[in-house]
Amino acid sequence: MSCRLVLDNEFTLTSYFLLRIKKILEEKDVSLIEIEKSSYVYENVITFSELHKKTVINALNNLLKGYFFVKTSDINVVSCSLIYSYRIDPDKIVMYISQESKEYYKKFLDIYDSEKLEKLLSMKSTYSHILYDYLLRNEDEITVDLADLHDLLDTPESFRKNYSDFKRRVLKQFSKDLNKTSSVYKEIFEGKKVTKIYFDSYFLKL
């Protein structure tokens with residue numbers, strides 16, 4: 001099963017909300033998430049009550065548009081909204097999530113802290129999203145068969161036939177999305193053919 005988080009834009013506040021929802025769900029099984037404006041400090045500097053209302057609305061709308069995209073097999077795909085509605089009260093923010101979404105908050109966000117989540121949300125490529133999540137979960141398996149990598153990313157047939165396209169659109173873009181000037185991967189050859197890709201896990205920890 002593969003799962004990725006899909007969001008239109010990067011907002012640091014969005015990642016804060018996601019992690020707060022995850023934490024609350026770990027403590028109790030609820031569909032209504034309440035965050036009191038005066039109780040939590042955002043980025044250790046200001047409280048929600050001091051944030052411009054538009055900033056909060058933008059982050060909540062980002063959650064409203066975002067979703068978990070889950071592929072359990074070639075024919076079984078599930079899409080779950082991050083939240084399906086919200087309300088901003090004078091003293092708190094209220095968000096509503098579906099029963100099905102709860103499962104993916106727990107499964108998908110289990111390995112993410114705020115820094116890793118912000119990095120994920122900033123990535124432009126869907127392939128980078130999937131690859132970053134996979135490598136975080138499999139740090140001991142950083143050498144991947146090229147065929148398995150294609151299956152993981154569900155790449156089109158053109159990428160499988162033309163390695164240079166795959167390299168440019170997937171591997172090089174992944175390095176860019178990690179904001180690395182140097183390559184985060186190495187090609188492993190059998191003769192003149194690339195058969196495996198080695199990923200440097202050091203870059204995942206920065």
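Biologist: What makes Lys92 and Glu34 a salt bridge?

Modeller: In this predicted model, the closest N and O atoms of Lys92 and Glu34 are 3.2 Å apart. The definition asks for a side-chain nitrogen of Lys or Arg within 4 Å of a carboxyl oxygen of Asp or Glu, so the pair of Lys92 and Glu34 counts as a salt bridge. A search of the whole structure finds 11 salt bridges.

Biologist: Which parts of the chain does the pair of Lys92 and Glu34 link?

Modeller: The pair links distant parts of the chain, with Lys92 in strand 8 and Glu34 in strand 2 (residues 32-36), 58 residues apart.

Biologist: How do you know that strand 7 and strand 8 are paired?

Modeller: Strand 7 (residues 85-88) and strand 8 (residues 92-96) are joined by four bridges. Pairing requires at least two bridges, so these strands pair. They run antiparallel, and Ser85 stands opposite Tyr96 in strand 8. A hairpin of three residues joins strand 7 to strand 8.

Biologist: Why are strand 9 and strand 10 called edge strands?

Modeller: Three strands form an open sheet in the order 9-11-10, with antiparallel pairing. Strand 9 (143-145) and strand 10 (185-190) each pair on one side only. From one strand to the next, the twist averages 30 degrees.

Biologist: How do you know that strand 9 pairs with strand 11?

Modeller: Strand 9 and strand 11 (residues 193-199) share three bridges in the antiparallel sense. At least two bridges are needed, so the two strands count as paired. Within this pairing, the bridge partner of Thr143 is Tyr198 in strand 11.

Biologist: How is helix 6 placed relative to strand 9?

Modeller: Helix 6 (residues 146-153) lies across strand 9 and strand 11 and runs at about 85 degrees to strand 9. Angles of 65 to 115 degrees count as roughly perpendicular, so helix 6 is roughly perpendicular to strand 9.

Biologist: Why are helix 6 and helix 8 called oblique?

Modeller: The axes of helix 6 and helix 8 (residues 163-177) cross at roughly 55 degrees and come within 13 Å. This angle is neither under 35 degrees, nor over 145, nor from 65 to 115, and the two helices are therefore oblique to each other. Their crossing is left-handed.

Biologist: Which residues of helix 6 and helix 8 meet, and of what class are they?

Modeller: Leu146, Leu149, His150 and Leu153 in helix 6 meet Tyr163, Phe166, Val170 and Leu171 in helix 8. By class, this contact has seven nonpolar, one polar and no charged residues. His150 is the polar residue, because His is not in the nonpolar or charged groups.

Terms used: Residues are numbered from 1 along each chain as its sequence is written. This is a predicted model: local features need pLDDT of at least 70, side-chain atom pairs count only at pLDDT 80 or more; totals for chains, interfaces and linings use all residues. Side-chain values use heavy atoms; hydrogens and water are left out. Axes are lines fitted to C-alpha atoms, for helices over the stretch in contact, and angles run from 0 to 180 degrees between N-to-C directions. Contact means heavy atoms within 4.5 Å. A crossing is left-handed if the near helix is turned anticlockwise from the far one by less than a right angle, and right-handed if clockwise.
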